Amino acid sequence: MKHRILKFSFFIGALALASSCNDDFEALPVEQYTIDFIFSKTDSLGVNARQYLTTVYSQLQNGHNRVGDDYLDAASDDAVSSATVVVDITKLGTGQYNAVSQVPSDMRWANYYAGIRSATTFITNIEVVPLRDKLPNGIPMAKVWKSEARFIRAMHYFELLKRYGGVPLMGNRVLVLGEDVELPRNTFEECVNYIVGECDAIKDSLRTYPIADPNANSHVATKEAALALKARVLLYAASPLYNGGNVDPDNALTGYTNYDVNRWKLAVDAAADFMDQNTYFSLAPSFAKLFITDGNRETIFFRSGGAGTGIEKNNGPVGFSGANQGLGRTSPSQNLVDAFLTADGKFITDAGSGYDPANPYANRDPRLDATVFHNGSLWLNATLETFQGGRHRPGGQIQQTKTGYYMRKFMGEFETAQNYGDTPHDWPVFRYAEILLNYAEAQNEFAGPTTEVYEAIRAIRQRAGIQSGGGTYGLEAGLTKEQMRTVIRNERRIELAFEEHRYWDIRRWKIAEEIFSTPVNGVIIVKAGTQLNYNVVPVQDASFDEKRYFYPISYDEVIKNGNMVQNPQW
């Protein structure tokens, strides 16, 4: 034990803060720490172990401008990057990658396994620490912390699963130098069962809301987070890409080799289980404010981003001065703008919707203005001009919107302010609206548009500010399963925009080829006197081929592991 050395460079700084522990801090060089030092049998407060768990948490991703400074949604049909050079997100969205030339900011196989390793190191060692604390229900804190690390490990496996299909499951093994690392991939089904099994095993040994000290613990893994992960995993597993639409029908690595409608029932039950057991979470009163309000009752699990102005500066409109000048990095698409409903809950293509192409942003779903900046939006006490040559789309070589739109979501309330100010920018991993959408989708696929499906969608639309229409919120009675499927998929798109759902949704639904058969569009607005003319134009061609439903496993991983099977067509 004394000579088992950890060499996690990310941990050194955090552990140095724990120098007040009882062990001899100078017994080893500063760059090396033994397992016995971190998980000390004499540290009843668990100072070093707590610091290590903090680093385990730190390996979970924060999605804000995550993929090479862009949002993942900019690789879908919802946005493009405004960068003036070819960047990671453009390569990802247009398929400019292969097993040798990867997109490192999202093809993070090694990073996820590093996270799995550090979590497993914690899991297999924490019980030697004589922690005195217990939860009010009597569960020892060592077990709570261990379950948190198991949750994080399960999250890493899910991130691998949706990118690559089945991957090697390590269990509680922590491989050391010289051990056999030529492990085969587990099947897709085995990976799903493992992640779900972990969620079931840990849920009752995690904290649950309301937490006694929300300021200190509001971002820790809880029972509700485990239930939410289970619901999401089972929804994915039931989806067409894996359940009946396997890209390689006999390949158990890329999905199930048969279709089973009962997989949708498992997803229904998992989402319903969350709703039945939950006594704390609900839809927040304001869609726009929930993303900048700490401690709101909709966000189930998040990655803390602290308070600042980074989101505003990275993605806000150009055309302002000093610290208010945005970089306009994210350009929402016309495709996304067109997906937003009218104020009465109709699609803009529906008869009687009242949509006016000459005044396209009037009479729309309030979530449009809370998600996208468009010509005429109010920001920093100015009316945005995104017409050609306008103050906020001046043309030239500077980075600016490529579509006529800027991202609004996640930003503070600066419509009438003179300057940006520090705003909470946490990253929502799970929130209650997703649980409702997961339930509605799975229930519709399993049993059709039942009353419960209608109720879930109406609840989300009511919170969004859609007009009641006598309590229908734009949902007509008697919809078929196919019609309701269209409604639900569109509702996910607009409700969860820029939260890293659309990119994966169009894959798990196996519609990416259809989606990208038409370009990602923007709008050119030409101002002639007081008249504005709107012209939809393509801004990015992103045709899609079937092999891109899964990422290629890096050539380096395949060549060094004789048991590693590459994904189909790569």
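F281 is buried in this predicted model, with a relative accessible area of 5%. The exercises below start from there.

**Exercise 1. Classify the ring pair of Y280 and F281.**

Step 1. A pair of aromatic rings is described by the distance of the centres and the angle of the planes.
Step 2. The centres of Y280 and F281 lie 5.0 Å apart, and their planes meet at 80 degrees.
Step 3. Centres within 6.5 Å make a pair, and planes over 60 degrees apart count as edge-to-face. The Y280–F281 pair is therefore edge-to-face.
Step 4. Now check burial. Y280 has 14% relative accessibility, so Y280 counts as buried. F281, at 5%, is buried as well.

**Exercise 2. Do the same for Y503 and W504, then place them in a cluster.**

Step 1. The ring centres of Y503 and W504 are 4.8 Å apart, with planes at 90 degrees. This pair is therefore edge-to-face.
Step 2. Y503 is buried at a relative accessible area of 0%. W504 is buried at 3%.
Step 3. Y503 and W504 belong to one aromatic cluster, whose members also include Y97, W109, Y113 and W570.
Step 4. For the wider count, a search of the whole structure finds 36 aromatic pairs.

**Exercise 3. Find which charged residues lie over the faces of Y236 and W570.**

Step 1. Take Y236. R508 lies over its face, 5.2 Å from the ring centre.
Step 2. Take W570. K547 lies over its face, 4.4 Å from the ring centre.
Step 3. Link back to the cluster. W570 is one of its members.

**Exercise 4. How many disulfides are there, and where does that leave C191 and C199?**

Step 1. A disulfide is a covalent bond between the sulfur atoms of two cysteines.
Step 2. The cut-off is a sulfur pair within 2.5 Å. The count comes to zero disulfides.
Step 3. For C191, the nearest cysteine sulfur is that of C199, 14 Å away. C199 in turn has the sulfur of C191 as its nearest, at 14 Å. Neither C191 nor C199 is in a disulfide.
Step 4. C191 is buried, with a relative accessible area of 2%. C199 is buried too, at 2% relative accessibility.

**Exercise 5. Describe how β13 and β14 are joined.**

Step 1. Strand β13 covers residues 520–528, and strand β14 covers residues 531–540.
Step 2. The two strands run antiparallel, and nine bridges join them.
Step 3. Pick one residue. V520 has Q540 as its bridge partner in β14.
Step 4. Look at the turn. Two residues separate β13 from β14 in this hairpin. G529, in the turn, has a positive phi of about 65 degrees.

Conventions
Residues are numbered from 1 along each chain as its sequence is written. This is a predicted model: local features need pLDDT of at least 70, side-chain atom pairs count only at pLDDT 80 or more; totals for chains, interfaces and linings use all residues. Side-chain values use heavy atoms; hydrogens and water are left out. Rings of Phe, Tyr and Trp (its six-membered ring) pair if their centres lie within 6.5 Å; planes under 30 degrees apart count as stacked, over 60 as edge-to-face and the rest as tilted. Buried means under 20% relative accessible area, exposed over 50%, partly exposed in between (1.4 Å probe, protein chains only). A charge sits over a ring if NZ of Lys or CZ of Arg is within 6 Å of the ring centre and within 35 degrees of the ring normal. Two strands pair if DSSP finds at least two bridges between them. Helices (H or I, at least four residues) and strands (E, at least two) are DSSP runs, numbered from the N terminus.
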